[in-house]
Amino acid sequence: MSDTIKTIGVLTSGGDAPGMNAAIRAVVRKAIQNGVAVKGIKRGYQGLLAEEIVDMNKSSVSDTIQKGGTILGTARCSEFVTEEGQAKGAEICRKHGIDGIVVIGGDGSYRGALALSKQGINTVGIPGTIDLDIACTDYTIGFDTAINTAMQAIDKVRDTSSSHERCSIIEVMGRNAGYIALWCGVANGAEDILIPEKYDYNEQNIINNIIQNRKKGKKHHIIINAEGIGHSTSMARRIEAATGIETRATILGYMQRGGSPTCKDRFYASIMGAYAADILCEGKTNRVVGYRNGDFTDFDIDEALAMTKDIPEYEFMVSRQLSQ
Ligand code: ADP
Ligand code: F6P
C-alpha cells in the first residue's frame with residue numbers, strides 16, 4: 001500500500017446501473033481493510049462540486065448489495081466538463097483530504113476521471129452501465145440485470161402479440177450500442193433484430209419478412225429495435241400500413257435500469273470494486289478496471305478511451321440465421 005494514500009472517495013456518475021451498490025460496498029470494505037478511510041461523494045461530479053461528501057464505514061454499505069440503483073445517487077454535470085469545474089473539483093478533494101477517487105460509470109464519467117487525474121487527484125474507473133458499450137472490457141456492471149429484465153418483459157409482450165396475431169416492435173435501451181437488442185433478440189427468439197451497428201434502414205426487408213412469416217402461419221412477429229435506431233412508433237404505423245397487420249410499439253424505457261441486480265452483476269461489481277480499491281490504495285492513478293478474456297485487469301484511462309469494439313460478426317450472423 002502507498003504511504004501517501006490515506007483517504008479515498010467513491011462516486012457513481014452517468015446513468016445508474018444495477019450492481020453499482022455492490023461495487024460501492026466492495027470499494028468501501030476493501031479500502032478500509034487496506035487501512036484507508038473512505039468518503040462517499042453523492043450525486044456524481046455534481047455532488048463533488050457541491051461538496052456533498054460523507055464519511056463511510058463498513059456498516060454504511062450494509063444491506064445494500066441486493067438493491068438496484070445507487071445509494072450515492074448519480075447525476076450528469078455539465079460544469080464538470082469545463083476546466084474550471086475540474087480544477088474546482090480537485091480543490092474540493094484536497095480540502096476534504098481525498099487523495100484518490102473511484103468513479104463508477106461509463107465512458108463519459110471516465111473522461112471526468114481523466115481530467116481529475118490531470119489535476120493531481122488519483123483516479124480509478126469501474127465500468128458501470130447497462131449498455132455494455134465500454135471497449136476495454138468484456139463486461140459492464142448492470143448489463144446482465146438489464147437484459148434479464150428486458151427479456152422477461154419481451155416474453156410478456158409476445159404472449160399478447162400471439163393472442164391478437166399482431167406484430168410488435170419492442171424498443172430496448174443501449175444508447176448507440178446494440179448489445180441489449182442483440183442479446184434479447186436472440187434470447188427472445190425475435191423475428192427481426194435491429195441494431196445501430198448493422199441496420200441498413202431498408203424497412204421493405206422487414207415488411208417482406210412479416211408477410212412471409214404470416215404465410216408460414218406464424219401468429220406473431222417480434223421486432224427488437226435498439227434505442228440507437230429508435231422511432232418505433234412511426235415504424236409501427238408504416239409497417240401496419242404496408243402489411244395490413246396490426247402493429248404496436250412498446251418502448252421498455254427505464255424499467256431496464258432498475259431492479260435487484262442478478263448474481264452475475266453482484267459478483268463482477270464486487271470483484272471490480274475490490275480491485276479498484278486495491279490499485280488506488282497502492283497509489284496507481286488514471287486507471288480503469290476491466291474484465292478481458294477471463295481475467296480482471298486494468299488499463300490507462302487514455303488507452304481505454306481510445307479502444308473501440310464492435311458487435312461480434314459471428315454472433316450477429318447467428319442471430320439472423322436463427323430468426324428465420
Ligand atoms: P456515462 O458515464 O454513463 O457515459 P455521461 O456521458 O453522461 O455518462 O457522463 C457522465 C458525466 O461525466 C457527465 O455528466 C460529466 O459530468 C462527466 N463528463 C462527461 N464527459 C466529460 C468530459 N469530456 N470531461 C469531463 N467530464 C466529463
Ligand atoms: O447509459 C445508460 C442509458 O440508460 C442508455 O441506455 C440511455 O440511452 C441513457 O442511459 C438514458 O439516459 P437518461 O437517464 O439521461 O435519460
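Let me start with glycine 106, where a polar backbone atom lies 2.9 Å from an oxygen atom of ligand 1, and let me say straight away that what we are looking at is a predicted model. Taken by itself, ligand 1 would expose 550 Å², and the protein buries 80% of that area.

Glycine 106 has company here, because a polar contact is counted for a pair of N or O atoms within 3.5 Å. A polar backbone atom of cysteine 77 comes to 2.6 Å from an oxygen atom of ligand 1, and at serine 109 an N or O atom, this time in the side chain, is 2.5 Å from an oxygen atom of the ligand.

If you now look at the surroundings as a whole, you can find 15 residues around ligand 1, and the closest of them are Arg76, Cys77, Gly106, Gly108 and Ser109. Which helix gives the most to this shell? That is helix 4, spanning residues 107–118, which contributes 5 residues. Sorted by class, the shell around ligand 1 is made up of 8 polar, 4 nonpolar and 3 charged residues, and the space that ligand 1 takes is the largest pocket.

Let us turn to ligand 2, which also sits in the largest pocket. The residues around ligand 2 include Arg76, Thr129, Ile130, Met173, Gly174, Tyr254 and Arg257, and Arg76 is a name you have already heard among the closest residues to ligand 1.

Which side chains make polar contacts with ligand 2? Among them is aspartate 131, with a polar side-chain atom 2.7 Å from an oxygen atom of ligand 2, while in glutamate 227 an N or O atom of the side chain is 2.8 Å from an oxygen atom of this ligand. Arginine 175 also takes part, with a polar side-chain atom lying 3.4 Å from an oxygen atom of ligand 2. Of the 400 Å² of accessible area that ligand 2 has on its own, the protein covers 78%.

By class, the shell around ligand 2 holds 5 charged, 3 nonpolar and 2 polar residues. Where in the chain do these residues come from? At least three are drawn from domain 1, which covers 7–142 + 261–306, and at least three from domain 2, which covers 144–257.

Conventions
Residues are numbered from 1 along each chain as its sequence is written. Chains are lettered from A and ligands numbered from 1 in the order in which they are written. This is a predicted model: local features need pLDDT of at least 70, side-chain atom pairs count only at pLDDT 80 or more; totals for chains, interfaces and linings use all residues. Side-chain values use heavy atoms; hydrogens and water are left out. A residue is near a molecule or strand if one of its heavy atoms lies within 4 Å of it. A polar contact is a pair of N or O atoms within 3.5 Å; within protein, one must be able to donate a hydrogen and the other to accept it, and residues adjacent in sequence count only if both atoms are side-chain atoms. Accessible areas come from the Shrake-Rupley method with a 1.4 Å probe; for residues, only the protein chains shown count as cover. On a 1 Å grid over the protein atoms alone, a cavity is a set of points where a 1.4 Å probe fits but cannot get out, and a pocket is an open set with protein on both sides within 12 Å along at least five of seven lines; lining residues have an atom within 4 Å of a point. A molecule sits in a cavity or pocket if more than half of its atoms lie within 2 Å of its grid points. Helices (H or I, at least four residues) and strands (E, at least two) are DSSP runs, numbered from the N terminus. Ala, Val, Leu, Ile, Met, Phe, Trp, Tyr, Cys and Pro count as nonpolar, Asp, Glu, Lys and Arg as charged, and the others, Gly among them, as polar. Domain bounds come from an automatic or database domain assignment.
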